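Have the viewer ready and your selection box open. We will go from the core outwards, one selection at a time.

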Amino acid sequence: MAKELKLMKGNEAIAESAIRAGVDGYFGYPITPQSEVLEHLMIENPVEKTGMVVLQAESETASINMVYAGAACGKKVMTSSSSPGISLMQEGLSYIAGAELPAVVVNVVRGGPGLGTIQPSQADYFQTTKGGGHGDYRLITLAPASVQEMYDFVQLAFDLAFKYRNPAIILSDGMIGQVMEKVVIDDYKPRWTDEYIAKTFPWAAVGKPASRNHNIITSLELDSAKQEQININIQKKYKVCEEKEVRYEMINCEDAEYLFVAYGSSARICQKTIELARAEGIKVGLFRPITLWPFPSKQLKEAAKNVKGILSVEMNAGQMIEDVKLATECRVKAEHFGRYGGMIPDPNEILVALKKQIM
Amino acid sequence: MTREEIIKPENLVYRRTPVLTDNIMHYCPGCGHGTIHRLIAEVIEEMGIQDKTIGISPVGCSVLAYNYFDVDFVEAAHGRAPACGTAIKRLNPDKYVFTYQGDGDLAAIGTAETIHACNRGENITMIFVNNAIYGMTGGQMAPTTLLGMKTATCPYGRTVEANGYPLKITELIAQLPGTYYVTRQAVFTPAHVRKCKKAIRQAFENQNLKKGVSFVEVVSNCNSNWKMTATKANQWLEENMLPFYPLGDLKTPEK
């Protein structure tokens, strides 16, 4: 099938990808800077194309609980929002992780805390990679650095969410959400049939046939010994995920004496800084985590062996730097450079920071 | 007459519906939940929709309802059952979807989800058990607690000044164009039980029409947290709850 090329916003790419990936349902609520996801879905009206349900809910709280219930039926369901809305969704995310359901959430991050700003930020790194809601759980976190990755990661997030029966989150930001780039798009994939779902996901609440016991989707277990066992099983699953699902990219690292560690928009900006630095003869490379959880700790530790110092470049006050230091066991100098509150770092100021803090 | 001679199908006058499981219910003796569960289960059996029904349980005393109904069940977060029901029905329009909630769940923490699911006209059945108190957490004030009624969090009695008015959420949602059938029932006498079952049956059958929410409030008791005997609680219900929450249909389908 011939691939199609389209110019689109990051947010539109999320929506278009969802339709074409055969997603069953999207439940969302408007918030800047991600409203184009819901708008694009409403314009495309996918119920006529694939039968995909799109609903504007009354709140992010309702949205995530709709996602929880849709996932409980074995359906491919998702939502998207931006930071304040994602905070409201933490209840639902915890329940989805607790009930071990697959679901996809997109966070087009804006600056905080509080109502903050509508400009891009990476200040939700802690919230996303360390759990966010109550209880011991993790979100499989994918960090796109381009509109193409916004598109591609929807399908990838669903694959991972269903493989591990755990929510997967695409941690984007206002820049990747709003910027327009070329995207290679796929043909429409058909949605799963009810027969396929009932056969493939024997746990799903789809209506109880006489041939099996009733399926119960819940995160409640009042017997502490049983609840501990549920937690142990979830943690085992996370160990496998940490072993198998790490994704990262290394750019200009072959001869690098210094390393930027950056994801998403920051990684894009660092690539420009690398050009500037190398023009001055400074050998610097980029280590870009694509999965923020599981964090590519082993790979970063390995990459850090041959460098004199690391600068963790983030659009926040210093969050991923903690994982960088843990990964490298503080054996190499690692510092944080960040702009925040909606400010985007300039390639030149990153170079200045590299010279001042690391060299 | 031997035992075998007595236990024959033709002698059967009553049995537990197979839509209820064998699990022993955790509800207090005298509580209305067991009766209401039975009525719903009997309706599901009589309609022959056990394999097409998905239930949603709340947070509160009936949180474990999924252990008692032999149908597929989803346990919602506190107050979110109508949002869950919305998604399940929209993604599975050929299934029968019902929510089961108490007063704290439906009329306090879940008010937004309740109002909006009703206003969107989701094609689901909502069962609302109103006993004017938070049972599971130990008898705190509910949105439907009557004025003057004593609870753990209004120990000297509910007052307008301190706590505002009891919320007649059923009257409120009956005003919404998205609700198709809204009724208030009770289960404290056999006659009320029979009427309530008819209402629940109607509320389930309405899903075939795709005309919006069918909403059944059941005024019930909480003898444990009302600190009364079961008999006294039913008397109290009749004398105090029913004057404020009068029984009957608030909105009926056009004939």
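A nonpolar core here is a set of buried Ala, Val, Leu, Ile, Met, Phe, Trp, Tyr and Cys residues joined through side-chain atoms within 4.5 Å, where buried means under 20% relative accessible area with a 1.4 Å probe, counting protein chains only. This is a predicted model, in which local features need pLDDT of at least 70 and side-chain atom pairs count only at pLDDT 80 or more, while totals for chains, interfaces and linings use all residues. Residues are numbered from 1 along each chain as its sequence is written, chains are lettered from A and ligands numbered from 1 in the order written, and side-chain values use heavy atoms, without hydrogens or water.

**First stop: the largest core.** Select A:Phe27, A:Tyr68, A:Met78, A:Leu101, A:Ile217, B:Val74 and B:Phe215: of the 101 residues in the largest nonpolar core, these touch the most other members. Now colour helix H8 of chain A, residues 147–164 (helices are DSSP runs of H or I, at least four residues, numbered from the N terminus). With 12 residues, H8 gives the most to this core.

**Next: one residue up close.** Which residues are in contact with B:Phe215, leaving aside its neighbours within four places in sequence? Among them are B:Leu106, B:Met126, B:Phe128 and B:Tyr181, contact meaning heavy atoms within 4.5 Å.

**Then: another core.** Apart from the largest core lies one of 36 residues, including B:Leu64, B:Val129 and B:Phe204.

**Last: zoom out to chain A.** Its C-alpha trace spans about 70 × 50 × 40 Å along the principal axes. Of its 359 residues, 60% count as buried.

Key
Buried < 20%, exposed > 50% of the residue type's maximum accessible area, 1.4 Å probe, protein only. Helix = DSSP H or I, 4+ residues; strand = E, 2+ residues; numbered from the N terminus.
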